[in-house]
Amino acid sequence: MSGSGTRSTVSGLLPVDTTEDVRARGAGVSRQVAVLPVGSFEQHGAFLPLATDTLVACAIAREIAATYPVHLLPPVTMSCSHEHAAWPGTVSISSVTLHAVVRDIADSLRRSGVDTLVLVNGHGGNYVLGNVVQESAGSGTRMALFPAMEDWETARERAGVETSLLSDMHAGEIETSILLHTHPELVRPGYETSDFLADDRRHLLTLGMSAYTESGVIGRPSMAGAGKGKELLAALTEAFGAYFSLVTSAKLPLDDENAGTGTGTTETGTTETGTSAVVDRRH
């Protein structure tokens, strides 16, 4: 018995390290750092897959793992996408569940000797991740959240992305560019003619995405390009250097007060929202 339509899966999303690989990598560093991609499973218009945020988070995390001595973890693939519930295929878990999952992962890592965890967030609606990092003070795990809005802005400028972070909210120039670079086979026709802008989204969390877009797109995917996607990832990988230096430092500035929590910011400027719970710009 076969299902209707064409189904495809993406290989290469899961790390293939053995336990000996992890042991060898950990022996050569002063502090072991794990990187956890956090995505979502939600609509991204008619031309990008439901797994877009996960694919983007994994792409960023893979580039980081190829450049810095970190342990790459498999992604969290479902998260807080309640604002996309009007579209078929979207699946959400509660913020409480996501918080618990990340905390459990951090606790498990710590028991195996990895006391530093960086969350690479691909979905800006995951506001709770900022709280997880904020609350990590005194937990025994040093944490950070990446990328911040400022990292995305720098990457956007370097890559020549023309759409602002405010306008490039969902399935726009940034996300489409990254998938055109990393998984072009998954980008379906139609992105060239799907531009739609809705910069005033002040009631998004109350009304959901469907109040602002019929297609599910807010942004200018027609301006996307694989070259931009490549440069976006390169810029973000470079930006991660400051985070890596900070989380692997011998002592954080607020360690004495048990208040050091990673990067000093709870903002996440990611592919879909570009912000945190503090400032909501993209979803």
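What percentage of the 283 residues of the chain count as buried? In this predicted model, the share is 52%. Buried here means under 20% relative accessible area. The chain exposes about 12300 Å². Carbon and sulfur atoms supply 53% of that area.

Now the overall layout. The chain has eight helices and four strands. Read from the N terminus, the elements run α-β-α-β-α-β-α-β-α-α-α-α. Contacts reach across the sequence: among those with a separation of 6 or more, 76% join residues 24 or more positions apart.

Next comes the sheet. In what order do the four strands of the open sheet stand? The order is 2-1-3-4, and the pairing is parallel. Strand 2 (71-72) and strand 4 stand at the edges. Each has a single partner strand, so one side of each is left without a neighbour in the sheet.

Strand 3 is a good place to look in detail. This strand covers residues 116-121. It pairs with strand 1 (residues 33-38) in the parallel sense, over six bridges. One of the pairs can be found by residue: L36 has L119 of strand 3 as its bridge partner.

Strand 3 also pairs with strand 4 (residues 142-146). These two strands run parallel and are joined by five bridges. Which residue of strand 4 is the bridge partner of L117? That partner is M143. Further along strand 3, V120 has F146 in strand 4 as its bridge partner. Between the two strands, the chain passes through helix 4 (residues 128-134). This β-α-β crossover from strand 3 to strand 4 is right-handed.

Now turn to burial in strand 3. How many of its six residues are buried? Six of the six are, and the strand is described as mostly covered. Both faces are covered. On one side, T116, V118 and V120 are buried. On the other side, L117, L119 and N121 are buried.

Put the residues together. L119 is the bridge partner of L36, and L119 is buried on one face of strand 3. L117, on that side too, is bridged to M143 in strand 4. V120 lies on the other side, with T116 and V118, and its bridge partner in strand 4 is F146. Strand 3 thus stands between strand 1 and strand 4 in the order 2-1-3-4.

Terms used
Residues numbered from 1 in each chain as written. Predicted model: local features only at pLDDT ≥ 70, side-chain atom pairs only at ≥ 80, totals over all residues. Heavy atoms only, no water. Buried < 20%, exposed > 50% of the residue type's maximum accessible area, 1.4 Å probe, protein only. Pairing = 2+ DSSP bridges. Right-handed = clockwise from strand over helix to strand, strands pointing away. Contact = heavy atoms within 4.5 Å. Areas by Shrake-Rupley, 256 points an atom, 1.4 Å probe, with all protein chains shown as cover.
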